[in-house]
Amino acid sequence: MSLVGYAHLHQSLGLKAIAPMRVAMIKPVTRISMIGDCLAVPHAVAPSAGSVLDHILFALKHEGVNLGILAQALEAVTADQLLRELEKAPNGVFIRKVCYLWEGMILRRLDYSKPINSRVAPLFDPQRYVTGPSTRNSRWRIDFNGLGSLAYCATVERTPEIDTLLGLDILGRAKSFMATLPPEMMDRAIQWAYLHETRDSFAIEKEQPSEEKSRRFVQLLRQAHEGRLLTEDYLVELQNSTVSNPFDKAVAFRHEQNHLHNGLRGAAGVSYVPPPPALCHELMEELMAFANQPVREVDPLIVAAVTAFGFVFLHPFMDGNGRLSRFLIHQTLCHQGALENGLLLPVSVAMKHEEQAYLQALKTFSQPTREFWNVTWLDADHMAFDFIGHPSIYRYWNATHCVEFTLQMARRALEVELREETEFLDRYDRVIKAVNQRFDVRGSDLSKLVMMCLDNEGKVSKHRRKQFQYSVPEEVFEFIEEETLRLMGE
């Protein structure tokens with residue numbers, strides 16, 4: 001069957017772009033309809049095979065907005081072709097979108113001066129996409145409402161999962177939940193969140209941080225509540241605080257090619273290659289501008305997800321990018337005013353528990369992007385990198401899966417991590433109080449025993465009984481178990 005729309009453009013023009021997730025093709029159907037991941041199109045309404053512009057118009061009308069493919073396909077459309085189409089339908093919404101994108105991406109102005117009298121139309125359909133604040137183009141009466149700008153834009157489709165998670169008001173529930181805790185309990189829960197967010201963020205990188213490195217990272221998390229704007233200098237400062245090797249400390253965004261390694265030898269070991277340094281610098285400016293906007297129209301968790309994953313895909317430093325990307329979730333939420341009074345949502349703790357899902361979210365972009373690099377192994381420590389793709393691969397990316405994952409982790413951080421820890425603290429306090437009412441046990445010994453018992457499903461192990469046999473009476477072990485099991489049963 002013949003391909004149409006984005007799939008046709010991708011194949012026929014040999015575009016250096018990530019292939020569309022859903023394919024449109026001519027099928028023996030009577031009307032345009034989705035069949036699985038295929039958009040079935042009747043032959044009678046399919047665009048003519050030889051017209052690039054017809055396929056672009058069809059795609060915008062029936063498949064949505066794929067800026068990565070459009071940025072390259074529009075290079076094959078001439079100004080005369082656009083002007084002729086305008087003469088046919090000067091107020092048509094889709095030809096106006098094409099003209100707007102052509103001028104913005106090709107950086108040329110069409111010789112067209114007739115007034116446009118039709119209603120202003122958004123570039124992204126808000127019913128289909130998560131959209132950002134609108135910027136009006138009065139010439140074509142098109143509102144750009146993407147998550148970013150025409151120079152760098154993430155796309156987030158409104159999947160049922162995303163709509164459901166956004167409807168849960170995770171951040172509002174987190175603030176309400178913490179507000180229900182006694183002040184001392186809230187302080188201890190927040191302290192736990194900072195320490196474990198630090199530990200697990202490093203653990204994802206397969207690193208065991210030193211006490212000094214942990215202390216610095218906790219301090220960074222607390223400083224995020226100052227709401228500083230993202231700048232190159234600030235990110236360099238953050239990077240310097242997360243790495244200990246003086247040779248890895250940056251003074252600016254990278255000026256050499258970076259890559260991620262999967263442990264295999266030679267070029268096969270390169271699992272991801274971020275954009276070349278010059279393009280990285282340009283797109284980091286765009287990403288920081290997006291993150292720094294006081295965006296009230298977009299859920300803060302959406303902004304945080306796009307900022308964090310966008311940062312790690314650009315990889316602006318030679319080391320420390322992963323930890324910084326997860327820190328940026330917290331920093332963005334603070335900048336958006338979504339976290340107050342030192343509150344932290346331990347998203348990295350949730351990510352550590354769902355590490356495979358995290359890697360899969362990263363691979364939705366990193367894996368197909370790797371195909372646009374020729375990597376040549378030169379010797380033990382040197383490789384040559386040749387980018388055979390198009391800058392639009394990095395300018396325009398589908399963030400849908402990454403946003404879904406971030407929302408899921410925010411929900412888990414609230415409903416599992418924070419709640420389990422506060423339940424643990426509550427049980428700990430109650431067991432300690434019950435023991436102290438009946439026995440006289442050294443505080444440090446009692447604290448260790450109760451924590452170990454809670455972590456061991458209500459049992460004081462034989463090893464611990466032997467360890468404390470000369471300082472804790474046998475009946476205390478039994479009582480701790482009884483109280484712990486009773487509370488766990490509740």
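## Exercises on a helix, a sheet and a second helix

In this predicted model, helix α12, which spans residues 300-314, lies across the strands β8, β9 and β14, and its direction makes an angle of about 115 degrees with β14.

**Exercise 1.** Describe the sheet that contains β14, giving the order of its strands and the strands that form its edges.

*Solution.* Begin with the order, which is β8-β9-β14 in an open sheet of three strands with mixed pairing. Next, look for the strands that pair on one side only, and these edge strands are β8 (147-149) and β14 (396-398). From one strand to the next, the twist averages 20 degrees.

**Exercise 2.** Work out in which sense β9 and β14 pair, parallel or antiparallel, and find the bridge partner of C153 in β14.

*Solution.* Strand β9 covers residues 152-155, and its pairing with β14 is parallel, over three bridges. Within β14, the residue that serves as bridge partner of C153 is Y396.

**Exercise 3.** Classify the crossing of α12 and α17 by its angle and its handedness, and then characterise the residues in contact.

*Solution.* First take the geometry: the axes of α12 and α17 (residues 400-438) come within 9 Å and cross at roughly 120 degrees. Angles of 65 to 115 degrees count as roughly perpendicular and those over 145 as roughly antiparallel, so α12 is oblique to α17. The handedness of this crossing is right-handed. Then turn to the residues, where α12 contributes L301, I302, A305, V306, F309 and F313, while α17 contributes C402, V403, F405, T406, L407 and A410. Sorted by class, the contact of α12 with α17 holds 11 nonpolar residues, one polar residue and no charged residues.

Notes. Residues are numbered from 1 along each chain as its sequence is written. This is a predicted model: local features need pLDDT of at least 70, side-chain atom pairs count only at pLDDT 80 or more; totals for chains, interfaces and linings use all residues. Side-chain values use heavy atoms; hydrogens and water are left out. Two strands pair if DSSP finds at least two bridges between them. Helices (H or I, at least four residues) and strands (E, at least two) are DSSP runs, numbered from the N terminus. Axes are lines fitted to C-alpha atoms, for helices over the stretch in contact, and angles run from 0 to 180 degrees between N-to-C directions. Contact means heavy atoms within 4.5 Å. Angles under 35 degrees count as roughly parallel, over 145 as roughly antiparallel, 65 to 115 as roughly perpendicular and the rest as oblique. A crossing is left-handed if the near helix is turned anticlockwise from the far one by less than a right angle, and right-handed if clockwise. Ala, Val, Leu, Ile, Met, Phe, Trp, Tyr, Cys and Pro count as nonpolar, Asp, Glu, Lys and Arg as charged, and the others, Gly among them, as polar.
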